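Reader: I am a first-year student, and I would like a close look at the place where the ligand sits. Please start there, then show me how that part fits into the rest of the chain.

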Amino acid sequence: MSSTYDNPSATAPADTSPAVRLIQMVQGYQVTQVVGTVARLGLADRLITGPKSSAELTRATGADPDGLVRLLRAAATVGLITEAEPDRFGLTPLGACLATHAQPVSLRDFAIAVGAPGHWLPCGRMFDAVMNGRSATATALGMGLWDYYRENPEEGATFARAMGSLSASIAIDIAACYDVTRFSRIVDIGASQGILLASLLEAAPQATGTLFDRPEMITQARAVITARGLAERVELVGGDFLTEVPPGGDLYVLKSVLHDWDDDHAQRILANCHRAARPGSTLLVVEGVVPTEPSPLHLMNLLMLVQVGGRERTHEQHQALLEAAGYRLERVILPQPGAYPGWSLLEAHRR
Ligand SMILES: C[S@@+](CC[C@H](N)C(=O)[O-])C[C@H]1O[C@@H](n2cnc3c(N)ncnc32)[C@H](O)[C@@H]1O
């Protein structure tokens, strides 16, 4: 069965009229929930061994039979599922990315987290955020995002695994373009589960590390660090990076952290890194560098406003923040063409 959505971002084929393309764009929210629901039901795991009937999948998932068939055909329409013969549903390469053990990285948790209330409900209030310039999360969820994830630990853990999946996918690229073998102590601030830190330590076998995140993240992080065989080399520290961060690193890493915060808060985080670090030590900021031309980073920039009151930054904005905190921006390494577009490496040195 051919897909009418050649592009999973729900854009229509190029010869479709503007009005039809716009209708599909407006209905793009459905695609997020189709992908998220396929992921929650574990359909990729169930189909990875071969096609199945809707009855088999109904038994396996406990879903409503009619609802499940509708989901499967919607998922076939957006390119996740095949129906090569009536009522024999299989997996496309796109859908296979949702399998729990997909290689090189599973996007199952990412799909679930983006469709879940903590992410989804604030996005429904984007208009408010654009009008008043503030995050919509307190109104949508009754509290800020990090408090919400602490109060809803299962969803918080899914979000952390989702971040870990994205980190895993770019950790390979980062290890290829940034030499960490010259460092002896790598401190990852806002490290979540520690997926990036683990990759950096694997690339720098002589180094030890410190994983720093909110206290409620530490149990989850310990499990990941232990499973990677790094328990002996990593100190796990819970705390608040708006107050202080652990001392002693010759490399500090901030990945996808500063963009969660407005300039005042980002400045506090950087000032705390500066206070903890020795002169001449390195700070590696892994973030987008917003261009002026159209880019997925502009969507992320808007999302950061809506969700957390943060922002993506241009080269000049990054530089100004770093300089004000006592760092000298030495170089910016852009990702390879085709890599996930949300990151660059900004290497700075503490004055
Ligand atoms: C967008 S996630 C990035 C996680 C990780 N660096 C990555 O890229 O996968 C932001 C991280 O900041 C952590 N965080 C938020 N507020 C914090 C605070 N006040 N102190 C320490 N960590 C915090 C969150 O728990 C989360 O792990």
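**The ligand and its surroundings**

Author: The residues of the shell around the ligand fall into three groups: six are nonpolar, five are polar and five are charged. Here Ala, Val, Leu, Ile, Met, Phe, Trp, Tyr, Cys and Pro count as nonpolar, Asp, Glu, Lys and Arg as charged, and the others, Gly among them, as polar.

A word on the model first. It is predicted: local features need pLDDT of at least 70, side-chain atom pairs count only at pLDDT 80 or more, and totals for chains, interfaces and linings use all residues. Residues are numbered from 1 along each chain as its sequence is written, and side-chain values use heavy atoms, with hydrogens and water left out.

Back to the ligand. It is surrounded by 16 residues. A residue is near a molecule or strand if one of its heavy atoms lies within 4 Å of it. The closest are S167, G190, D213, R214 and K255.

Now look at single atoms. A polar contact is a pair of N or O atoms within 3.5 Å; within protein, one must be able to donate a hydrogen and the other to accept it, and residues adjacent in sequence count only if both atoms are side-chain atoms. Start with G190. One of its backbone N or O atoms lies 2.6 Å from a nitrogen atom of the ligand. R214 uses its side chain: an N or O atom there is 2.7 Å from an oxygen atom of the ligand. D240 has a polar side-chain atom 2.8 Å from a ligand nitrogen. How much of the ligand does the protein cover? On its own, the ligand has 590 Å² of accessible area, and the protein covers 94% of that. Such areas come from the Shrake-Rupley method with a 1.4 Å probe; for residues, only the protein chains shown count as cover.

Next, step back to the chain. It has 17 helices and nine strands. The radius of gyration is 21 Å, close to the 20 Å that the globule rule gives for 351 residues, so the chain is as compact as a globular protein of that length. That radius is taken over C-alpha atoms, and the rule is 2.2 Å times the number of residues to the power 0.38. The C-alpha trace spans about 65 × 45 × 40 Å along its principal axes. Helices (H or I, at least four residues) and strands (E, at least two) are DSSP runs, numbered from the N terminus.

How much of the chain is buried? Of its 351 residues, 48% count as such. Buried means under 20% relative accessible area, exposed over 50%, and partly exposed in between (1.4 Å probe, protein chains only).

Now some loops. S192 sits between β3 (185-189) and α13 (195-203). Its phi is near 55°, a positive value in a residue other than glycine. S192 counts as buried because its relative accessibility is 16%. D87 also has a positive phi, near 60°, and is not a glycine. It lies in the loop between β1 (81-85) and β2. With a relative accessible area of 28%, D87 is partly exposed.

Follow the chain to T92. This residue is in the loop between β2 (88-91) and α6 (93-96). Its side chain reaches the backbone oxygen of G79 at 2.6 Å. T92 has 14% relative accessibility, so it counts as buried. Then comes P104, in the loop between α6 and α7 (108-115). The peptide bond from Q103 to P104 is cis, with omega near 0°.

Sequence and space can be set side by side. G42, in the loop between α2 (28-40) and α3 (43-47), is 66 residues from R108 along the chain. Their C-alpha atoms are separated by 8.3 Å. T158 belongs to helix α12 (residues 153-177). T158 and V114 are 44 residues apart in sequence and 9.7 Å apart in space, C-alpha to C-alpha. L230 and A176 are 54 residues apart in sequence, and 21 Å separates their C-alpha atoms.

Last, the cysteines. How many disulfides does the whole structure hold? The search finds zero. A disulfide is a pair of cysteine sulfur atoms within 2.5 Å. C273 is buried, because its relative accessible area is 0%. C177 has 30%, so it is partly exposed.
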